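Here is a short set of exercises to work through with the model open beside you. Try each task first, then compare your steps with the solution.

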Amino acid sequence: MASEITTQEYILHHLTNATMCSTDDGLKFSHGEELHNASNICAEAGFWVWNIDTMAWSIGLGILFLWFFRKVAKSATSGVPTKTQAFVEILVDFVNNNVRDSFHGKNNLIAPLALTIFVWVFLMNLMDLVPVDFLPTAAGQIAHAATGVDPHNVYMKVVPTTDINLTLALALGVFILIIFYSIKIKGVGGFLKELTFQPFNHWAFIPVNFILETVTLLARPFSLALRLFGNLYAGELIFILIATLGVWQLPLHFPWAVFHILVIVLQAFIFMMLTIVYLSLAHEDH
Amino acid sequence: MNINATLLGQLIAFIVFVWFCMKYVWPPLLAAIEDRQKKIADGLEASVRAEKDLELAQEKATEQLKDAKAQAAEIIEQAKKRANQLVEDETQKGQAEREKIIAQGYTEIEAERNRAKEELRAQVAALAVAGAEQILQREIDANAQNDIVEKLVAEL
């Protein structure tokens, strides 16, 4: 594959999402040539472009997770569990313990939220371990066979967490919950008071406090989103760089993949843990 | 790598997933886990209780066995005593009976002897009178010598 295209093109190809947008002619895929010059058919769509590969892989993995857990939950017994049930229960128990350690209020949303984040993000990160050429090449060949397009113009970014849109969407969801519970528990007045009378409890410091606290508040979703995105994007980029090394990728790919197993679990865990902590802070009334 | 509508799509997907998880996945799983935890706790408690019960029962059994042994010993003792008494009583009764029979025999013998004596006496008197009559065939008045005869008879 790399014989026909330059290394730079190869890397760029791997880091480009398959996008779709609605044009005057209906819903259209945007192809490579169009993407990198002015004739990109999605250029006019602006915000309303869909990263179809991110959507498909993330929703597919989310449904896989929920289908599997729902299947186990439906046949869950309090007697002797099957091995599958025991495996699922280990995860549930692990998440439940973490929630109970960090979150002291009573809330039926936090634990399932944490479980969803942990397993879903883990599954999406796990796609990083699939060798980088497998799925994009397969997608290119299938699209070529089906519609006759040049396989080099078919894009497929397999790891949804390397798309800033996804990580930001997760962080925004958490951010909305932070605001919602802050106002629900403390009231609008209490929430505003927290923003304006901390850390310096004096009326003269209200503007300073407000700026500091707003930055603190806004830093939470952005740090959540960028941490996950950055780690996974960097990891994916290194996989791609290793894949350009020809025969040398063989000894290099394996240690990086092994190291990456740690990264993908850790990032999923950190995202879950910080979500719990942030929501716990939102529940604390001073 | 720019922000686009995917953000909204993912946000909606995220909300739906969390809602589904909260509604259909988490509660049954957690219920199963907590139910099992309760069952195990109950089982452990029951086993501790059973152990205690067993200990108590063993203690009770030992005590009862001891009691039973003591009772048995007492019963045997009583029975022995009673048997001894019975034997003694019977012996005494037999003795009494014997003495009574012997006494009766003596009385009967005495009575027989008295009767025989009486009879003998009468016969001897008659014999003496008959002898005297023969010796003194002649006009000896039997009546005149009757007091002598009487005297003789009394001496017998």
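**Exercise 1. Work out how the radius of gyration of chain B compares with that of a compact globule.**

Step 1. Take the radius of gyration over C-alpha atoms, and for the globule use 2.2 Å times the number of residues to the power 0.38. For 156 residues, a compact globule would come out near 15 Å, whereas chain B has 61 Å in this predicted model.

Step 2. Check the extent: along the principal axes, the C-alpha atoms of chain B fill a box of roughly 195 × 25 × 15 Å.

Step 3. Add the secondary structure, where helices (H or I, at least four residues) and strands (E, at least two) are DSSP runs, numbered from the N terminus. Chain B has two helices and zero strands.

Step 4. Look at burial: a residue is buried if 20 or more other C-beta atoms, placed from the backbone, lie within 10 Å of its own, exposed if 12 or fewer, and partly exposed in between. In chain B, 10% of the 156 residues are buried.

A note on conventions: residues are numbered from 1 along each chain as its sequence is written, and chains are lettered from A and ligands numbered from 1 in the order in which they are written. As the model is predicted, local features need pLDDT of at least 70 and side-chain atom pairs count only at pLDDT 80 or more, while totals for chains, interfaces and linings use all residues.

**Exercise 2. Describe the make-up of chain A, from its elements to its contacts.**

Step 1. Count the elements: chain A has nine helices and three strands. Reading from the N terminus, their order is α-β-β-α-β-α-α-α-α-α-α-α.

Step 2. Its C-alpha trace spans about 65 × 60 × 40 Å along the principal axes, and 34% of the 286 residues of chain A are buried.

Step 3. Define a contact as two residues whose C-beta atoms, placed from the backbone, lie within 7 Å. Taking contacts in chain A between residues at least 6 apart in sequence, 69% link residues at least 24 apart.

**Exercise 3. Reconstruct the sheet of chain A, strand by strand.**

Step 1. Two strands pair if DSSP finds at least two bridges between them. The result is an open sheet of three strands in the order S2-S1-S3, with antiparallel pairing. Strands S2 (26-29) and S3 (49-51) of chain A are at the edges with a single partner strand each, so one side of each has no neighbour in the sheet. On average, neighbouring strands here are turned by 30 degrees against each other, direction ignored.

Step 2. Follow S1(A) to S2(A): four bridges join these antiparallel strands, and the two form a hairpin with two residues between them. Within this pairing, Cys21(A) stands opposite Lys28(A), and Ser22(A) has Leu27(A) as its bridge partner.

Step 3. Now turn to S3(A), which pairs with S1 (residues 19-23) of chain A over three bridges in the antiparallel sense. Here Thr19(A) stands opposite Asn51(A), and Met20(A) has Trp50(A) as its bridge partner.

Step 4. Place the helix: H3 (residues 52-74) of chain A lies across S1 and S3 of chain A, at about 45 degrees to S3(A). For such angles, axes are lines fitted to C-alpha atoms, for helices over the stretch in contact, and angles run from 0 to 180 degrees between N-to-C directions.

**Exercise 4. Decide whether Ile264(A) is buried or exposed.**

Step 1. Locate Ile264(A) in helix H9 (residues 249-283) of chain A.

Step 2. Count neighbours: Ile264(A) is buried because 23 C-beta neighbours lie inside 10 Å.

Step 3. Leaving aside neighbours within four places in sequence, Ile264(A) is in contact with Phe122(A), Asn125(A), Leu126(A) and Asp128(A).

**Exercise 5. Characterise the interface and the confidence of the model.**

Step 1. At the interface, 28 residues of chain B are in contact with 40 residues of chain A. The chain B side has 21 nonpolar, four polar and three charged residues; Ala, Val, Leu, Ile, Met, Phe, Trp, Tyr, Cys and Pro count as nonpolar, Asp, Glu, Lys and Arg as charged, and the others, Gly among them, as polar.

Step 2. The model scores ipTM 0.89 and pTM 0.76. The mean pLDDT (the predictor's confidence in each residue, from 0 to 100) is 90 for chain B and 87 for chain A.
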